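Thanks for making the time this morning. I would like to walk you through one structure, going element by element, and I will put it on the screen now.

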Amino acid sequence: MYEANDLSLRIGSKVILDDVSIKLHPGKFTAVVGPNGAGKSSLLKIIAGEQTPSQGAVKVNGKNLRTYRSTELSMLRAVLPQQQVVQFAFSVEQVIHLGRHVHRSRRSHDERIVAEVMRLTDVYKFRHRSYPTLSGGEKQRVQLARVLAQVWDDAVHPRYVLMDEPTASLDIAQQQHIFALARQVCGRNIGVMAIVHDLNQAARFADELYFIGDGRLVASGSAREVFTRAVIQKTFRCNVNVYHDPCSGCPFIIPETFPSVNNQSILKPVIQ
Amino acid sequence: MDATVTLRRVGNSSVIPGLAILLLVAMLFSLTIGAVSIPVSEVGIILLKNLGLFKGVAIDSTHELVITTIRFPRIVMTMLIGAMLGVSGAALQGVFRNPLVEPGLIGVSGGAAAAVVVVVVFGASISLAGWTYELLIPFAAFAGGLGATFLVLKLSEQAGRTNIAVLILIGVAVNALTGALIGLSIFYADENQLRTFTFWTLGDLGGASWQKLAVAAPLILLSITVLLFFSRALNVMALGEAEAYYIGVDVERTKMLVIFFSALGVGVSVSLAGMIGFIGLVIPHLVRVLFHPDNRLVLPASVLGGALLLVLADVLARTIARPSELPIGVVTALIGAPFFVMLLLNAKSKREI
């Protein structure tokens with residue numbers, strides 16, 4: 001289990017995170033949602049070990065994160081960051097092979113794993129192409145493959161994949177693809193955490209939801225428990241109506257109509 | 001697209017042996033050229049004889065002396081410096097994830113040259129004995145190179161990370177400063193010292209000797225070896241520093257060691273032959289564009305490619321204006337600059353930069 005307890009982060013006098021706890025379970029997909037600037041990315045960086053919290057501690061499989069060497073940690077958790085820049089014209093296959101760096105395993109073993117994750121993420125057919133020539137969606141899938149290659153070995157211990165907005169700027173089909181993959185990945189004793197912008201996608205795919213607003217944990221639980229008008233209003237300061245999908249019973253939201261003030265300013269030009 | 005990719009994949013395994021053979025050929029050819037021209041067969045025999053073979057063969061003793069005391073140390077030094085500049089360029093570009101970085105830009109060369117020039121001009125006035133002076137120069141070069149590099153790094157740090165845009169600007173400023181220091185020293189230099197300034201600013205491979213190499217060669221070889229060990233880690237760093245950390249690379253250690261050994265090797269190179277530009281920038285690019293950007297190829301190929309380019313440039317420098325010699329830095333820039341622009345245009349049209 002991945003467990004972060006009472007995390008706080010202050011930079012100067014600014015409070016980024018205030019007493020946030022989160023648990024990731026192997027085999028489960030956890031989504032973190034919240035408005036821009038709520039501290040979601042900072043939370044991910046602390047959990048990933050990149051940033052040290054002002055208070056609180058993170059435990060991975062029962063051991064404090066700080067006691068791991070960075071190579072040991074890399075065998076347990078992989079991170080898919082938001083940006084996707086690769087300097088120099090590496091081929092797709094080379095980029096994915098970089099995910100195998102820490103393992104120092106046999107070449108044939110690495111190649112089998114890389115081929116497997118390339119098929120899974122549907123990048124196999126353009127594996128020889130140069131990374132900078134890919135489209136945004138293709139790049140995202142290549143990076144996902146790279147991240148999966150890092151934790152793909154058959155291992156008894158649970159492993160984790162942390163993703164910072166994996167579907168940002170992707171079309172709806174690509175989003176479905178990435179989320180379906182993330183769920184599939186959970187089946188390998190891997191726990192997945194993703195920062196998700198689209199609330200409906202989060203409700204649809206995640207086992208557990210964490211609502212973060214203003215650096216605080218507003219609510220956490222399954223979509224049925226916490227995906228409510230009150231929680232969303234408190235987290236995002238936005239009024240929404242919650243409905244339920246008649247087929248799956250999964251909740252979804254539609255924002256309420258514009259406040260009248262906005263309507264007026266848009267519709268009636270100011271004439272002086 | 002696919003055709004070029006397959007061509008690259010097929011060609012990869014033969015890149016290193018191919019470059020090694022080219023280097024050997026260039027080396028032998030270079031040894032034949034000079035005030036007396038010595039046929040390649042004789043050069044070969046002299047080299048083999050000095051390795052303990054062909055003991056009985058009679059050869060011209062003057063020719064042997066020319067090869068063993070003048071040309072051979074020179075070619076060894078040329079190859080070491082070329083290799084060092086090439087590999088440090090490749091490693092620094094990898095660590096900063098920026099194709100514009102080269103030892104000159106981050107202050108290594110300028111800092112080393114400025115320190116040496118200061119020692120040459122002002123060291124004489126505090127009348128140092130001959131051998132301390134000789135010994136002080138490589139150390140001054142190293143200290144100057146490292147000092148300037150750390151100044152550039154420290155000043156371009158932002159919230160614990162190196163800001164590349166700032167780094168390049170600070171690099172320009174520090175280079176201007178080291179240039180001014182060199183200029184200031186020129187102002188106080190006497191006639192004799194003045195002549196050595198072309199040496200420091202444009203490079204000169206003429207001063208090679210086994211004595212100098214005895215100190216410099218181990219340091220350069222050590223630096224090259226250490227840098228080669230980072231090939232794999234540098235590949236991962238291409239993804240970004242945070243990503244490299246997530247994958248399990250000790251980013252700070254990699255950065256510090258690559259910079260330290262680049263400064264050491266390049267600093268020592270500058271103390272031997274002054275500032276030779278362009279090789280550190282152009283060679284890694286050449287390898288990336290011609291073959292592929294995997295640092296496990298780029299670094300060793302830059303070692304051989306850097307040595308090869310400098311040997312060829314030296315041949316040209318010694319032949320074009322015979323009997324006098326062109327400054328080596330002029331030749332490397334004359335060959336390198338147009339070729340580099342051509343490669344960049346080619347890569348730009350293929351969106352590979």
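How many bridges join strand 6 of chain A to strand 7 of chain A, and do these strands run parallel or antiparallel? Before I answer, please keep in mind that what you see is a predicted model. The two strands, of which strand 7 covers residues 159–164, run parallel and are joined by four bridges. Within that pairing, A:Arg77 is the residue that stands opposite A:Tyr160 of strand 7. As background, side chains in a regular strand alternate between the two faces of the sheet. In strand 6 of chain A, which spans residues 77–80, both faces turn out to be covered, since A:Arg77 and A:Val79 on one side are buried and A:Ala78 and A:Leu80 on the other are buried as well.

Strand 6 also has a part in the contact with the other chain, which takes 25 residues from chain A and 22 residues from chain B. On the chain A side, at least two residues each are supplied by helix 2 (70–76), by strand 6 and by helix 3 (92–98), and the largest share, three residues, comes from helix 2 of chain A. If we sort that side of chain A by class, we find twelve nonpolar residues, twelve polar ones and one charged.

Let me stay with chain A and move to its open sheet, in which four strands lie in the order 2-1-4-5 with antiparallel pairing. Strand 2 (14–24) and strand 5 of chain A stand at the edges, and because each has a single partner strand, one side of each is left without a neighbour in the sheet. Strand 5 is joined to strand 4 of chain A by two bridges, the two strands running antiparallel, and here A:Val60 stands opposite A:Lys63. Helix 1 of chain A, residues 40–48, packs on this sheet and touches strand 1 (2–11), strand 2 and strand 4, with its direction at about 125° to that of strand 1 of chain A.

Two loop residues in chain A deserve a word about their backbone. Most residues other than glycine have a negative phi. A:Asn61, however, has a positive phi of about 45°, and its place is in the loop between strand 4 (55–60) and strand 5 (63–64) of chain A. A:Asp122 likewise has a positive phi, near 65°, and lies in the loop between helix 4 (107–120) and helix 5 (136–150) of chain A. As for their surroundings, A:Asn61 is partly exposed, with 15 other C-beta atoms within 10 Å, and A:Asp122 counts as partly exposed with 13 C-beta neighbours inside 10 Å.

Finally, chain B, which has 14 helices and two strands, and in which buried residues make up 46% of the 353 residues. The pair I would pick out is helix 8 (residues 210–229) and helix 11 (residues 251–273) of chain B, whose axes come within 9 Å and cross at roughly 155°. The crossing angle therefore makes helix 8 of chain B roughly antiparallel to helix 11 of chain B, and the crossing is left-handed. Among the residues that meet there are B:Leu219 and B:Ile220 from helix 8, and B:Phe261 and B:Leu264 from helix 11. Taken together, the residues of this contact divide into twelve nonpolar, four polar and one charged.

Notes
Residues are numbered from 1 along each chain as its sequence is written. Chains are lettered from A and ligands numbered from 1 in the order in which they are written. This is a predicted model: local features need pLDDT of at least 70, side-chain atom pairs count only at pLDDT 80 or more; totals for chains, interfaces and linings use all residues. A residue is buried if 20 or more other C-beta atoms lie within 10 Å of its own, exposed if 12 or fewer, and partly exposed in between; C-beta atoms are placed from the backbone. Two strands pair if DSSP finds at least two bridges between them. Two residues are in contact if their C-beta atoms, placed from the backbone, lie within 7 Å. Ala, Val, Leu, Ile, Met, Phe, Trp, Tyr, Cys and Pro count as nonpolar, Asp, Glu, Lys and Arg as charged, and the others, Gly among them, as polar. Axes are lines fitted to C-alpha atoms, for helices over the stretch in contact, and angles run from 0 to 180 degrees between N-to-C directions. Angles under 35 degrees count as roughly parallel, over 145 as roughly antiparallel, 65 to 115 as roughly perpendicular and the rest as oblique. A crossing is left-handed if the near helix is turned anticlockwise from the far one by less than a right angle, and right-handed if clockwise.
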